[in-house]
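Trainee: I'm new to this one. Could you take me through a single part of it slowly?

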Amino acid sequence: MFGQSILSLVIWVPILAGVAVLATGSDRNAALARWVALAGALLGLIVALPLVSDFNTATSSMQFVEKAAWIPAFNVHYHLGVDGISMPLILLNSFITVLVVIAGWQVIQDKVAQYMAAFLIMSGLINGVFAALDGILFYVFFEGMLIPLYLIVGVWGGPNRVYAAFKFFLYTLLGSLLMLVSMIYLYFQSGGSFDIQTWHATALGMTAQTLMFFAFLLAFGVKVPMWPVHTWLPDAHVEAPTGGSVVLAAITLKVGAYGFLRFILPILPDASHEFAWFVIMLSLIAVAYIGLVALVQADMKKLIAYSSIAHMGFVTLGFFMFNPMGVEGGLVQMISHGFVSAALFLCIGVMYDRLHSRQIKDYGGLVNRMPVFAAFFMLFAMANAGLPATSGFVGEFMVIMAAVKVNFWFAFVAATTLIFGAAYTLWMYKRVVFGSVTNPHVEDMHDVNAREILLLGVLAVCVLAMGLYPRPFTDVMHVSVVDLLAHVAQSKLP
Amino acid sequence: MSTASIQFAQFAPALPEIFVLVMVSLILVIDAAVDDSKRYLAYVLSLVTLAGAAYLTAHNLSTMPVLALGGLFIDDPLSDVLKLFLYLTVAVVLVYSRDYLTERGLYKGEFFVLALFALLGMMVMVSASHFLTLYLGLELLSLSLYAMVALQRDSSVATEAAMKYFVLGALASGMLLYGMSMVYGVTGSLALGDMAIALQDGTDLRIPLVFGVVFIVAGLAFKLGAVPFHMWVPDVYHGAPTAMTLFIGSAPKIAAFAFVVRILGQGLESQVTEWRDMLVILAVLSMAVGNIAAIAQTNLKRMLAYSTISHMGFMLLGILAGSQNGYGSAMFYVLVYALMSLGSFGMILLLSRGGFESDRLEDFKGLNRRSPWLAFLMLLLMFSMAGVPPTVGFYAKLAVLQSVVEIGYVWLAVAAVLFSLVGAFYYLRIVKLMYFDTPHDTTPITISPDIRVIMSANGLAVLAVGILPQPLMAVCMHAIGASF
């Protein structure tokens, strides 16, 4: 019945579910709010499933396209569609939303309805970001998602939440406003169109490309985040509630990386080639230097936040290798990082709910009290370190392989992550889980309950499945990526 | 056809103005005759007047410009649309102010009479096609506003604000008149249409003309509150009773837009290269000073006053484009601004009770705990002011930005967005106070049901027009397109 409007459903079902959750009102109806939220999140995932089953992997053109006039005065359309690059991200987002709702089930006791609603509405908006094929529509979703995220960090966050929320919001707004000006410029250059695919074909001079390249780079680089505009992320991560950290790491960072593939590379191919060295340099700094920064963190959430930055450095590095292996590796890394970072933040959430501390030094000997949890945590830590047979390995390996083809030294620096990543993750794991119990409060900690096992178990299956058999993921992307690279190889100079 | 009917036809386009004038006079007399228990009569009659005027305007929508009263008065789609929005805005102001004024003993006929006289002034400004009518409308509006600010006689702050407003307003009017006289000297005409024709092929008297344009622009900038002629805005907004601030901050902006577009866009259209550079300076300074100074404010009314200055700077971006696209964008901007301004000053009104103002930032602390619904509406208004989608404020910014990029001023668009980033900070601070902080005052908020409904509609309109901006955008573009 809804065959023609799957993408609209994927966007609007979570948003309307969020409104329904809000309608349950005050905390007296908290239980109802939770169940409505779960139903909404599950429904959101279910309506997204046809995207997989009906997806045609043989074509790189947009699928499930919907197009309607929205603001004819500016030639803006409600134009949706997905290809092999965006489809997996929509699915990842819909999936993570379900986990986030479950993760907040008992932890959040204050303003439950608003919390759940904020996540559902944000989920719908993020799906919109990945599905939008019109520049203004994209921008509306891209900016709109800041509002719920700002509230999530600020209302349910930690002690320094206000600072973190402001920093996060203003940082990302700075980037996107310059992007908006670029979009308006493109509108006139393309003869009055906000259509992203039209922009792909618009000829642009080198000066214009260069200026827009840096505007877009700032917009998406802040979101990714790339060194040196990454400083909002550790603050936001540390102060956000568990669910907020999960969404931040697993989804919103991907929005930035996605922007590279949808905007920067195809719209500005000449500038992308010209300044590839710049992005590669920033990516390598992120991989190597941020890896070292992660090593010295005393706060677990901060450590994982820095590790996210290093991992996202791999993604941008892969994109600017301009070969299918690199781009696909980057995409695989994005999805894998979505699972792994979500799982690690959930693990930290599990510990935090019991001890109310994120400091590594407050733990130790956890395995004695929480063996099941320790096993899960082990798997995710290994995945974060890039152990073969986990999803973390696949993407990193592909990107390093791609880098070797381009320049040995790129690959050399990138490969240091295998050492640093293992060092900071496993060292943290050792200090938290192994050893003898030194903190008396750890003695009182009980092992994971059924709800937490469900959460971690589902993610464990994903991490292992993707690590053992990544083929379905790369198959979905392959045609779109090859086509994108063929497009990027052509100069757009007039 | 008799002479009488010819003369009546001459007056037909001005029927709404005539109707409002008759009604104001009636209200003035009736209010003087009734005792205090029947004060609501003036309120009801004022709303009836607005409804009647709206009916008259909507019933005679013009499709093309019609000159009347010997070229003094014009009835075109632009004036019709703006007048309809003026009625709506004034009506909402009257409703929002009711409880506030009652508590302060200001709920009297004077307020309604002054408000309607101000409205009449605005209607004349909107429909003027001649320097004389423009000035007449402006002065009728200004004098009513001075009196409104001073209406709370025993408040020294309000009196001081009124005095400041009056002195600076008179100065601005003087500048405007001086500029007009220079232009008259060059063109030999006070009618905008004749002026445009006279200037079409250039003139030998360049120096006096530019001189006149400078004075006119300075006078307009005074009335708009653009930097560096903005000094009166924070003091008047802060000092006036909040109901008056609500009035000053909403409807007159719409009239001021019409005023500027009529003079610069219609009369001095051919001098666009002269006034564009001036407006660029005014716009950049307004956005800079307005946004940066707003950060330092602890009083919400003062903060919103500086925010108004920056918004007027943004609106000027559309006008300085000097194209139909630009005027349409500026019109969209000013209508959206009036909507947001109504909502946010209205919120200050609703939260103040028992004779106490609630215009300090702290008064908004923890509003989400006291009233989640009002907090949500204020959240929408603040994000809209900041220009964050999907609220309508974003499209307003988008519209004016694209009109400046169209004329090749990309740097101006970049400057504008950077200042709006600064602006986002203080709007976010309001959201922070409402949502992140705990209230220090937990008394429940009581609001009359009708005001609650209108406030809800006001807040939700910001979101609804944001999701579907096309109708309003099309109205603006059509009104400008059919009138120029």
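Mentor: Sure, let's look at chain B, starting with its overall build and ending at one residue in its core. A little housekeeping comes before that: residues are numbered from 1 along each chain as its sequence is written, while chains are lettered from A and ligands numbered from 1 in the order in which they are written. This is a predicted model, where local features need pLDDT of at least 70 and side-chain atom pairs count only at pLDDT 80 or more, though totals for chains, interfaces and linings use all residues.

Chain B has 21 helices and two strands. Those names come from DSSP runs, numbered from the N terminus: H or I over at least four residues for a helix, E over at least two for a strand. The radius of gyration of chain B is 22 Å, close to the 23 Å that the globule rule gives for 484 residues, so chain B is as compact as a globular protein of that length. (That radius is taken over C-alpha atoms, and the rule is 2.2 Å times the number of residues to the power 0.38.) Along its principal axes, the C-alpha trace of chain B spans about 70 × 60 × 40 Å.

Now for the inside. Of the 484 residues of chain B, 58% count as buried; that takes 20 or more other C-beta atoms within 10 Å of a residue's own, with 12 or fewer making it exposed, anything in between partly exposed, and C-beta atoms placed from the backbone. Take the contacts in chain B between residues at least 6 apart in sequence: 79% of them join residues at least 24 apart. A contact here has the two C-beta atoms, placed from the backbone, within 7 Å.

Next comes the core. The largest nonpolar core has 399 residues, and V149(B) and M315(B) are the ones with the most contacts inside it. Such a core is a set of buried Ala, Val, Leu, Ile, Met, Phe, Trp, Tyr and Cys residues joined through C-beta atoms within 7 Å. Helix 15 (residues 324-351) of chain B brings the largest share of this core, 19 residues.

Zoom in on M315(B). Leaving aside its neighbours within four places in sequence, M315(B) is in contact with F257(B), A330(B), Y333(B), V334(B), Y337(B) and V400(B).

Last, a look at where chain B meets chain A: the contact takes 25 residues from chain B and 29 residues from chain A. On the chain A side, helix 7 (161-189) gives the most, with 15 residues.
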